[in-house]
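Visitor: Hi! Could you walk me through this one? I'd like to start with a residue that caught my eye.
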Amino acid sequence: MKRIDYLANPTRFMRLAAVLTPWMGWATVLLAAVGLYLAFFVAPPDYQQGESVRIMYVHVPTSWMALFCYVSMAVAAATGLIWKHPVADLVAKCTAPVGAAFCFLALLTGSLWGKPMWGTYWVWDARLTSMLILLFLYLGYIALVNAFDDPARGAKASSILVLVGVVNVPIIKFSVDWWNTLHQPASVIKMGGPSIHPTMLWPLLLMALAFTTYYVWVLMVRVRGEIIANKIRVLRLKQVHG
Amino acid sequence: MMGVFGAIVRRDLRLALRQGMDSVMVVMFFVIAVVLFSFGVGPEPNVLARIAAGVIWVSALLASMLSLERLFQIDYEDGSLELLALAPVPLEVAVVAKVTAHWLTTGLPLILAAPLLAVLLRMDGEGFGILIAVLLIGTPTLSLIGAVGAGLILGSRRGGVLLSLLILPLYIPVLIFGVGAVDAAIGGFPFKAHLLILGAFLAGSAALCPWAAAAAVRQAIE
């Protein structure tokens, strides 16, 4: 609780972000370099899928990140609504485009992977469809947050929307599963440990970590940008009035 | 509390009746949309019968969404929404009352028109009863979910288009099970599970949506 209050002050947040930004940037570069090296040169090609299995090292982490960003957005939105936390509102707002981009990348890499594997760019399979709906939820959020002249109104309305969405995501997922299914079942997170070989698991985890640090990095840059933009607006208003 | 609830429902119904053609327009949109589908896919009876349930559901969903924009908008513009918020009952009750009135003026006419359209699309006779049953359970859910979106867009630029972007993804589960029940009934499969799940959606949205919609309205008139 105390920690949340601590970051509610934009100046304190700016200090933390200034320290964190370069670290996260370099961590992203390093993790992505090692992860991509392992993915391209060390991990074996799949006995069935051949070289195209390497798409997985981008596809799976982006899908995870798309979900992770939505959950972060919901947590930030709830924090902003409950404690009227100004930085949390900005975090939610700045997470949305990043999450939408991850979601889009997951769909794009998935369809590029689907072409050689399933023989088609798109199938109306349950997982693909729920990712597509998640992308729509992101786009709806982005549209709502920018639809008001008063940014505070946009932040509040879109926070309510994201909380409604987060209740709905499992329901949509379940409905779509009922509707159709073709995608392979989860093979990393399940009972009895991962069923994937370590030479493939390591690059996957490193790439997931790289995308997570990338998200934090971009988030810091964006939130700092928003705070500075707010300051400039206030200063301009003062100039006009003073 | 029930007195206030009834008063708001009666007021909205009276407004809908006197101000004009809202319900008629919604039904006309519904009919035209369904007819357009038959032009789109051709007059082949087999094809039309196969897609009838889906077409009717999608059109009903769009028709009920079209009228949602006006659910709070007019009251918001003339200030009566603020008076409702100041009323001695929780805003949630007022929201449920307005949603009830909205469903009575738009959802119910759609259900009355649906069998006629099912005949036009040559839907199998087995599905008629179940189509009406799922529309009866499903359209109140649509109105309830839609109320949240209608509250959120108050005072925004580009309200209507925005509303569809916010609400349509949330309608997908209702659509899936609504169409699934009719298709199961026509195919001779058990459809009770679909009905129960639609009932669960209705119960869940009746419990949660008024709360979210009231929060949305409250932040709009703050």
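Visitor: Is B:Arg122 buried, exposed or partly exposed?
Guide: This is a predicted model, and in it B:Arg122 has 16 C-beta neighbours inside 10 Å. Buried would take 20 or more and exposed 12 or fewer, so B:Arg122 counts as partly exposed.

Visitor: Where is B:Arg122 found?
Guide: B:Arg122 sits in the loop between helix H6 (91-120) and H7 of chain B.

Visitor: And what is the phi of B:Arg122?
Guide: Its phi is near 60°, a positive value in a residue other than glycine. For background, most residues other than glycine have a negative phi.

Visitor: Over to the other chain. What is the phi of A:Lys84?
Guide: A:Lys84 has a phi near 50°, again positive in a residue other than glycine. A:Lys84 lies in the loop between helix H3 (56-83) and helix H4 (86-118) of chain A.

Visitor: Buried or exposed, A:Lys84?
Guide: Exposed: A:Lys84 has 11 other C-beta atoms within 10 Å, and the cut-off for exposed is 12 or fewer.

Visitor: What is the secondary structure of chain A?
Guide: Chain A has seven helices and zero strands. Its C-alpha atoms fill a box of roughly 70 × 40 × 35 Å along the principal axes. Of its 242 residues, 37% count as buried.

Visitor: How much of the contacts in chain A comes from residues 24 or more positions apart?
Guide: They account for 76% of the contacts with a separation of 6 or more.

Visitor: New topic: how many residues does each chain put into the contact?
Guide: Chain B gives 20 residues and chain A gives 22. On the chain B side, helix H7 (127-152), helix H8 (159-187) and helix H9 (192-221) each supply at least two residues. H8(B) has the largest share, with nine residues.

Visitor: How do the residues on that side of chain B divide?
Guide: Into 15 nonpolar, three polar and two charged.

Visitor: Back to H9(B), where is its kink centred?
Guide: On B:Ser205, with an angle of about 35°. H9(B) has 30 residues and reaches 43 Å from its first C-alpha to its last, close to the 44 Å expected at 1.5 Å a residue.

Visitor: Where does H3(B) bend?
Guide: At B:Ile51, by about 55°.

Visitor: And what span should helix H3 of chain B have?
Guide: The helix covers residues 45-68, 24 residues in total, so at 1.5 Å a residue it should span 34 Å. The end C-alpha atoms are 33 Å apart, which agrees.

Notes:
Residues numbered from 1 in each chain as written. Chains lettered and ligands numbered in written order. Predicted model: local features only at pLDDT ≥ 70, side-chain atom pairs only at ≥ 80, totals over all residues. Helix = DSSP H or I, 4+ residues; strand = E, 2+ residues; numbered from the N terminus. Expected span 1.5 Å × (residues − 1). Bend = angle between axes of the 7 residues up to and from the residue. Contact = placed C-beta atoms within 7 Å. Nonpolar A, V, L, I, M, F, W, Y, C, P; charged D, E, K, R; others polar.
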